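Here is a short report for a first look at this structure. Please keep the sequence and the 3D view side by side while reading.

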Amino acid sequence: MYYTQEQIDRANQADLVLFLQSQGEPLERAGQEYNELFNSIRPREFDGSALSFPMMTADIHLHDHQKNAIAHAMFGGNTLFAHCVGAGKTFEMIATAMESKRLGLCTKSLFAVPNHLTEQIGDDFQKLYPGANILVATKKDFKKENRQQLFAKIATGNYDAVIIGHSQLGKIPVSKERQVMTIQTQIDDILQGIEELKKSEGSKFQIKAMERTRKSLQKQLDKLEKANQDDTLTFEQLGIDRLFIDEAHEFKNLFVATKLQNVAGISNSASQKALDLFLKCRYLDEKTGGKGVIFATGTPYASPYQH
């Protein structure tokens, strides 16, 4: 039976059961249709109570919510640890990395944390797993003359985890081919949007704005294609198959191709920092089947429309 919007509004204001009965609608069939349309998918819940953490120090005991989050990251797909401050996200990330390697779910984890926290995260790592083999990169390691040596150490070393700062993550290059492919995809999306706007006689102002964005991206693409590829190891060559991003809200303002304008929460500005992380996440998605990225933040939705 089809209901008009006015009837639906009345049903929302009155008792739903009485409304359905007044329309001669069998309650059992109505309930079945509602469940099939709106109540048939239930998000999976992960139970980490069976996890044992054999290599973890006996002095620290994880809470149940931490074990459940670790199980989610290990056996689910890409995961967001969005607990409030002080809920134990750091130990969740560390335990996820170590247990994933122990069970053969990954071989080498990379932690990108706020620059001033690299040594602290390293200390937390050794506190939770005293026997862990980790590499904590310093500012000196990322100087131009030392960078290649560091990348070679990461690529060849059997580390349980490598810990670097946010700004240092951007100094690990993604392959030229991947950058070209991504920028070209963005240009193609913009051209398609421009074409649709012209067909629908959309805003000329918005068409011009999208043209400016296309030209800017085209300049980036031309510059990238002319650049010579040096012998620096790329992110894809380091052997990283799990990426942990602490305080992930710092990587916002990813480019979004849209025909909309003046919409609160959608920015036309693009962040190179966000794009660089996006490229690395896309690579890991391809390599791991969407199981290689873990974000952690206490403020996940600064702009829900865009992020």
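## Tyr-34 and its patch

Tyr-34 belongs to helix α3, which covers residues 27-38. This is a predicted model. Tyr-34 has a relative accessibility of 48%, so it counts as partly exposed. The cut-off for exposed is over 50%.

Tyr-34 also helps to form a nonpolar patch on the surface. Its partners there are Leu-37 and Phe-38. The patch measures about 400 Å².

## The chain as a whole

The protein chain holds 11 helices and six strands. It has 307 residues, and 41% of them are buried. About 18000 Å² of the chain is exposed, with 51% of that area supplied by carbon and sulfur atoms.

Contacts in the protein chain often link distant parts of the sequence. Take those with a separation of 6 or more: 73% of them join residues 24 or more positions apart.

## The sheet

Six strands make an open sheet with parallel pairing. Their order is β1-β6-β5-β2-β4-β3. Why is one side of β1 and of β3 left without a neighbour in the sheet? β1 (79-81) and β3 (134-136) stand at the edges, and each has a single partner strand, so one side of each has no neighbour in the sheet. From one strand to the next, the twist averages 15°.

Strands of a sheet pair through backbone hydrogen bonds, and the pairing can be parallel or antiparallel. Here, β1 and β6 (residues 293-296) run parallel and are joined by three bridges. Across this pair, Leu-80 stands opposite Phe-295 in β6.

## Helices on the sheet

Helix α4 (residues 64-75) packs on the sheet. It touches β1, β5 (242-246) and β6. The direction of α4 makes about 160° with that of β1.

Helix α11 (residues 272-288) lies across β5 and β6. Its angle to β6 is about 140°.

## Asp-141 beyond the edge strand

Which loop holds Asp-141? Asp-141 sits in the loop between β3 and α7 (144-156). Its relative accessible area is 22%, so Asp-141 is partly exposed. The cut-off for buried is under 20%.

Leaving out residues up to four places away in sequence, Asp-141 touches Val-136, Asn-146, Arg-147 and Leu-150. Val-136 is part of β3 (134-136), while α7 (144-156) takes in the other three contacts, Asn-146, Arg-147 and Leu-150. Asp-141 and Phe-151 are 10 residues apart along the chain, and their C-alpha atoms are separated by 9.3 Å.

Terms used. Residues numbered from 1 in each chain as written. Predicted model: local features only at pLDDT ≥ 70, side-chain atom pairs only at ≥ 80, totals over all residues. Heavy atoms only, no water. Pairing = 2+ DSSP bridges. Helix = DSSP H or I, 4+ residues; strand = E, 2+ residues; numbered from the N terminus. Axes fitted to C-alpha atoms, helices over the stretch in contact; angles between N-to-C directions. Contact = heavy atoms within 4.5 Å. Patch = residues over 30% accessible without salt bridge, like charges linked within 9 Å, V, L, I, M, F, W, Y side chains within 5 Å. Areas by Shrake-Rupley, 256 points an atom, 1.4 Å probe, with all protein chains shown as cover. Salt bridge = Lys/Arg side-chain N within 4 Å of Asp/Glu carboxyl O. Buried < 20%, exposed > 50% of the residue type's maximum accessible area, 1.4 Å probe, protein only.
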